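Here are a few short exercises to work through with the model open. Try each one yourself before reading its solution.

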There are 2 protein chains.
Amino acid sequence: MKVYQAIASGNSYKVRILLALLKVPHESVMIDLAAGEHKQPAFTALNPRGEIPVIEDDGHLFWDSAACLAYIARKHGGEQWFPSSPAGIAEVMQWLALSASEIQFGLQYGRRGATRGIWTVGGPNECQTLSRIALDAMERRLKDHDWLALDRPTIADVSCFPYVETAAESKVDLAPWPAVRAWLDRCRALPGWPARG
Amino acid sequence: MKVYQAIASGNSYKVRILLALLKVPHESVMIDLAAGEHKQPAFTALNPRGEIPVIEDDGHLFWDSAACLAYIARKHGGEQWFPSSPAGIAEVMQWLALSASEIQFGLQYGRRGATRGIWTVGGPNECQTLSRIALDAMERRLKDHDWLALDRPTIADVSCFPYVETAAESKVDLAPWPAVRAWLDRCRALPGWPARG
C-alpha cells in the first residue's frame with residue numbers, strides 16, 4: 001500500500017493511526033503542502049479535490065480520509081474497526097459524517113485559520129460555532145460510553161481524534177467537554193496508537 | 001421504520017429516494033423546519049446536531065443522512081447499494097464524503113443562502129467555490145462512467161443527487177458539467193426513483 005500524506009495534516013494522521021494499530025506495512029509518499037504540491041496537476045490527477053491523504057493499493061486508488069479508513073479497516077481489521085451489519089455500519093458512519101462536516105469546517109479550518117491566517121470557508125465565529133456543535137454531540141455520547149460507536153474503538157474514534165486533539169490550536173478550550181478529554185486519553189492509551197509525529 | 005423528515009429538505013429526500021427504490025414500508029414524522037422544530041429540545045434529544053433526517057428502527061436511532069442511507073441499504077438492499085468489500089465500500093464512501101463536505105457546504109448552504117438569505121458558514125463566493133470543486137470531481141468521474149461508484153447505482157448516487165439537482169437554486173448553472181447533467185437524467189430514469197415532492 002502506498003500512502004500520499006503529510007505529517008502536518010490531521011487527515012493523514014487518521015490514516016497513520018489505523019495503519020499503526022493494525023500493523024499494516026506501507027510506503028509513504030510525502031506531499032509538500034507548503035509548496036502547494038497537493039494542488040498541482042500531478043497530484044490532482046490522483047485526487048480531484050486536491051487533498052491528502054490518498055491511498056493506492058492493489059490497483060485501487062482512494063481519496064478522502066474516511067474512505068481510506070474504511071478500506072484499511074475492512075481489508076486488515078475484519079469486522080472489528082468497521083463492521084458490516086446495518087446497525088453497526090450506521091453507528092460508525094454517524095461519526096464519520098460529523099468528522100467530514102462540523103469537525104472539518106469547525107475545528108480543522110479553525111486551526112488552519114488560527115495558525116496560518118487562511119480562512120477559506122467562514123471566519124473564526126463560524127468555526128467556533130461548528131466546533132461546539134461537534135463537541136456537544138461527542139460529549140453527550142461519551143459521558144456514558146467509552147467509545148463513539150458500539151462498545152469498542154472503531155474508525156469513528158480514529159476519524160474524530162486528530163482535530164479534537166489539536167482543539168487548542170483552533171482556539172477552542174476543551175474545558176467544557178470533560179468526557180471528550182477523557183476519551184482523548186483513552187484513545188492514546190490504546191496499544192499501538194501513534195503520536196502525531 | 002420511522003423517518004423524521006421534511007419535504008423541503010434535500011437530506012430527507014435522499015432517504016425518501018432509497019426507501020422508494022427499495023420499497024421499504026415506513027412511517028413519516030414531518031418536522032416543521034419553518035417553526036424551528038428541529039432545533040427544539042424534543043428533537044435535539046433525538047439528534048444532537050438538530051438536523052433531519054433521523055430514522056428509528058428496531059430500537060435503533062440514527063442521525064445523519066449518509067448513516068441513514070447506509071443502514072437502509074445494508075438492511076434492505078443486500079450488497080447492491082452499499083457493498084461490504086474493502087474496495088467497494090471505499091469507492092462508495094468517497095462520494096458520501098463529497099456529499100458531507102463540498103456538496104453540503106457549497107450547493108446546500110448556497111441554496112439556503114440564495115433562497116432564504118441565511119448564510120451560516122461562508123458567503124456566496126465560498127459556496128460557489130466549493131460547489132465547483134464538487135461538480136468538477138463528479139464530472140471527471142462521470143464523463144466515462146454511468147455511475148459515481150462501481151458499475152451500478154449505489155448510495156453514492158442517491159447521496160449526491162438532491163443538491164446537484166437543485167443547483168440552479170444555489171445560483172450554480174450546470175452548463176459546464178454536461179456529464180453531471182446526463183447523470184441526473186440517468187438517476188431519474190431508474191425504476192421507482194421518486195420526484196422531490
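**Exercise 1.** Work out where I155(A) sits and whether it is buried or exposed.

*Solution.* Start with the secondary structure: I155(A) belongs to helix α6 of chain A, residues 155-165 (helices are DSSP runs of H or I, at least four residues; strands are runs of E, at least two; both are numbered from the N terminus). A quick note on the setup: this is a predicted model, where local features need pLDDT of at least 70, side-chain atom pairs count only at pLDDT 80 or more, and totals for chains, interfaces and linings use all residues. Residues are numbered from 1 along each chain as its sequence is written, while chains are lettered from A and ligands numbered from 1 in the order in which they are written.

Next, count neighbours: I155(A) is buried because it has 30 C-beta neighbours inside 10 Å (buried means 20 or more other C-beta atoms within 10 Å, exposed 12 or fewer, partly exposed in between, with C-beta atoms placed from the backbone).

**Exercise 2.** Find the order of the strands in the open four-stranded sheet of chain A.

*Solution.* Reading across, you get β2-β1-β3-β4, with mixed pairing (two strands pair if DSSP finds at least two bridges between them). The edges are β2 (27-30) and β4 (60-63), each pairing on one side only.

Now zoom in: β1 (residues 2-5) and β3 (residues 54-57) of chain A run antiparallel over three bridges. On β3(A), V54(A) is the bridge partner of Y4(A).
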